[in-house]
Amino acid sequence: MVPSPQLLDRLDRRRTLRIVAGGLLAVPAGLRLVTPASAGRTWCRADPDVYLEGTFVRVDVAIPDEFLALVSGPTSLRFNLPSQVDRQFAWADTGFNGFGYDVGYSTAFQPNKPAGKFSVNLTIKVPIKVGTKVPIWCSATPDKGTAVERTGNDAKTGTSLNFTVFGSP
């Protein structure tokens with residue numbers, strides 16, 4: 001038995017509708033995968049992570065791919081936080097051009113004074129060869145607290161992120 005032209009037409013419409021619907025469902029997921037923003041620009045991302053008072057904080061740093069060759073040293077992360085906050089470097093990739101990270105804290109750790117909620121100021125700098133301003137994008141995302149992201153005009157002079165972390169009991 002040969003299917004009628006109306007049946008074939010209906011099957012083609014259903015197949016087309018499924019393809020379109022599937023594509024529309026994939027759009028939000030695709031948008032989430034996009035790296036920091038600039039039309040037509042791709043960014044190289046680095047990911048150092050820390051624990052602050054037992055709370056995991058993911059830090060992302062990105063510069064445009066076309067400036068990657070200008071990175072001349074380790075990426076600097078300076079955490080300004082209360083002295084009672086326990087701090088541990090968790091993990092990092094190799095950094096831009098394999099230079100890694102220089103991580104520092106504003107105060108010496110004073111144990112036995114747990115902090116339930118505290119503010120953090122994080123300054124991030126990427127050393128760049130002389131004479132070139134390179135945009136920088138940064139974010140800090142604590143598992144418990146407020147996430148923040150920022151774009152700066154000059155990776156060498158850096159940018160700062162201010163965020164709140166809720167410590168683990």
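Here are four short exercises with worked solutions on this predicted model.

**Exercise 1. Get your bearings**

Find how many helices and strands the protein has, and in which pattern they follow one another.

*Solution.*
- Start by counting: the protein has one helix and 10 strands.
- Next, walk along the sequence, and the pattern reads α-β-β-β-β-β-β-β-β-β-β.
- Now look at contacts with a separation of 6 or more: 67% of them are between residues 24 or more positions apart.
- Finish with burial: of the 169 residues, 34% are buried.

**Exercise 2. Explore the core**

Work out which residues of the largest nonpolar core touch the most other members, and which elements contribute to this core.

*Solution.*
- Nonpolar side chains tend to be buried together in soluble globular proteins.
- Here, the largest nonpolar core holds 30 residues, and L52, F79 and I124 touch the most other members.
- Two or more core residues come from each of strand 2 (48-52), strand 3 (55-64), strand 4 (75-80), strand 7 (117-125), strand 8 (136-142) and strand 10 (159-166).
- Zoom in on I124: leaving aside residues up to four places away in sequence, its contacts include V59, V61, L77, I136, C138 and L161.

**Exercise 3. Read a sheet**

Take the open sheet of four strands and explain why strand 6 and strand 10 each have one side without a neighbour in the sheet.

*Solution.*
- Write down the order, which is 6-4-7-10, with mixed pairing.
- Strand 6 (101-105) and strand 10 are at the edges with a single partner strand each, so one side of each has no neighbour in the sheet.
- From one strand to the next, the twist averages 20°.
- Then inspect one pair: strand 7 and strand 10 run antiparallel and are joined by eight bridges.
- As an example, F118 has V165 in strand 10 as its bridge partner.

**Exercise 4. Trace a charged network**

Follow the salt bridges that join R45, D47, R58 and D60 into one network.

*Solution.*
- The whole structure contains four salt bridges.
- Begin with D60 and R45, whose side chains meet at 3.9 Å, N to O.
- D60 is in strand 3 and R45 in strand 1 (residues 43-46), 15 residues apart.
- Under 20% relative accessibility means buried, so D60 at 6% is buried, while R45 at 32% is partly exposed.
- Move on to D47 and R58, with closest N and O atoms 3.3 Å apart.
- D47 lies in the loop between strand 1 and strand 2 and R58 in strand 3, so this pair ties together parts 11 residues apart in sequence.
- Close the chain with R58 and D60, which form a salt bridge at 3.3 Å, N to O.
- Through shared partners, R45, D47, R58 and D60 thus belong to one network.

Terms used. Residues numbered from 1 in each chain as written. Predicted model: local features only at pLDDT ≥ 70, side-chain atom pairs only at ≥ 80, totals over all residues. Heavy atoms only, no water. Core = buried A, V, L, I, M, F, W, Y, C linked by side-chain atoms within 4.5 Å. Buried < 20%, exposed > 50% of the residue type's maximum accessible area, 1.4 Å probe, protein only. Contact = heavy atoms within 4.5 Å. Pairing = 2+ DSSP bridges. Axes fitted to C-alpha atoms, helices over the stretch in contact; angles between N-to-C directions.
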